Amino acid sequence: MHQRKINSFFQKLSEAIPAPVTELIHRNHFELLIAVILSAQATDKSVNKVTPELFGQYPEPQDFVEAGKESILATIKTIGLAKTKSANIIKTCQILVDSYDGEIPQTREELEKLPGVGRKTANVILNTAFGVPVIAVDTHVFRVANRTGLTNGKNPLQVEEQLMQVVPEKWKKDAHHFLVLHGRYVCKAKAPMCEQCPTVKECEYPDKKEGGEEKKRVRKKDHSKLKKR
Ligand code: SF4
């Protein structure tokens, strides 16, 4: 995609998505980290169903360590890979207590050493908690970036590297959330809603369905409604 088109693509997303923020419920950086670990191969909706109770019972890393993995597992059992995730969360909390005084480290290197935290999760934390202009590539970002012609990467790392090269500085900090929310509510995996898409003109997807975009395009208000579902 041409640079001017890319700028226009993000300009239009920014108009359609006035609040490019995570939909994971959290009150602080620690809760965000736990929620992001839980969200691996699970929907934000399923994570949000268990975290209010989880964080209510165990507000600090030390509380998780004292509770132990069986208690955590009992609370998060409805989420996929609950057993592995509860074990990783306990180990991560132990490291936070032992090495970081219960705080969240702020470098990718340190974050990636925490059990359950890979490159994508580290990028989400750096971006969402600390405002670093990095772009985490999850399933939505991967699909939307490649489908629209922003990138042509074969794996998440390639897509991330290409996005970091082509996304204008102005949009880098919010690019992850723009692409996630666009992918979740409009440019869906199985049935992209091209006729209501704000970026249909810029998109280079060969199978996009054009027509009627002016009157049907998702308006700012409608997009916010969609996000609440
Ligand atoms: S036009 Fe269709 S394929 Fe392209 S970004 Fe919009 S919804 Fe996705």
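The exercises below work through the backbone, packing, domains and ligand surroundings of a predicted model.

**Exercise 1. Work out where Q41 and L81 lie and which of the two words, exposed or partly exposed, applies to each.**

Begin with the general expectation, which is that most residues other than glycine have a negative phi. Against that background, the phi of Q41 is near 55°, a positive value in a residue other than glycine, and L81, also not a glycine, has a positive phi of about 60°. Next, place each residue along the chain: Q41 belongs to the loop between helix 2 (29–38) and helix 3 (44–57), while L81 sits in the loop between helix 5 (69–76) and helix 6 (82–100). Finally, turn to the neighbour counts, for which 12 or fewer means exposed and 20 or more means buried. Q41 has 10 C-beta neighbours inside 10 Å and therefore counts as exposed, whereas L81, with 14 other C-beta atoms within 10 Å, is partly exposed.

**Exercise 2. Describe how helix 9 packs, starting from its buried residues and ending with its contact with helix 11.**

The first step is to list the buried residues of helix 9 (residues 139–148), which are V141, F142, V144, A145 and T148. The second step is to ask what these residues pack against, and the partners are helix 10 (156–166) and helix 11 (169–185). Just after helix 9, G149 takes a positive phi of about 95°.

The third step concerns geometry, since two packed helices are described by the angle between their axes and the distance between the axes. Helix 9 and helix 11 pack at an angle of about 85°, and their axes are 8 Å apart. Because angles of 65 to 115 degrees count as roughly perpendicular, helix 9 is roughly perpendicular to helix 11.

The last step names the residues that meet: H140, V141, R143, V144 and A145 on the side of helix 9, and H176, L179, V180, H182, G183 and R184 on the side of helix 11. Sorted by class, the residues of this contact of helix 9 with helix 11 comprise five nonpolar, four polar and two charged.

**Exercise 3. Characterise the surroundings of I34 and F64, and give the C-alpha separations of I34 from V159 and of F64 from E15.**

Take I34 first, which is placed in helix 2 and counts as buried because it has 26 C-beta neighbours inside 10 Å. Although I34 and V159 are 125 residues apart along the chain, the quantity asked for is spatial, and their C-alpha atoms are separated by 25 Å.

F64 lies in helix 4 (residues 61–67) and likewise counts as buried, here with 25 C-beta neighbours inside 10 Å. Once its neighbours within four places in sequence are left aside, F64 is in contact with Y58, I72, I89, I90 and C93. The C-alpha atoms of F64 and E15, which are 49 residues apart along the chain, are separated by 40 Å.

**Exercise 4. Set out the domain division and the contact between the domains, and then the composition of the ligand shell.**

Start with the bounds, by which the protein is divided into domain 1 (3–20 + 134–228) and domain 2 (29–128). The centres of domain 1 and domain 2, taken over C-alpha atoms, are separated by 28 Å. At the contact, eight residues of domain 1 touch five residues of domain 2, and the side belonging to domain 1 divides into five nonpolar, one polar and two charged residues.

For the ligand, 13 residues surround it, and C187, P192, C194, C197 and C203 come nearest. By class, this shell contains nine nonpolar, two polar and two charged residues.

Definitions and conventions. Residues numbered from 1 in each chain as written. Predicted model: local features only at pLDDT ≥ 70, side-chain atom pairs only at ≥ 80, totals over all residues. Helix = DSSP H or I, 4+ residues; strand = E, 2+ residues; numbered from the N terminus. Near = placed C-beta within 6 Å. Nonpolar A, V, L, I, M, F, W, Y, C, P; charged D, E, K, R; others polar. Contact = placed C-beta atoms within 7 Å. Axes fitted to C-alpha atoms, helices over the stretch in contact; angles between N-to-C directions. Parallel < 35°, antiparallel > 145°, perpendicular 65-115°, else oblique. Domains from an automatic or database assignment.
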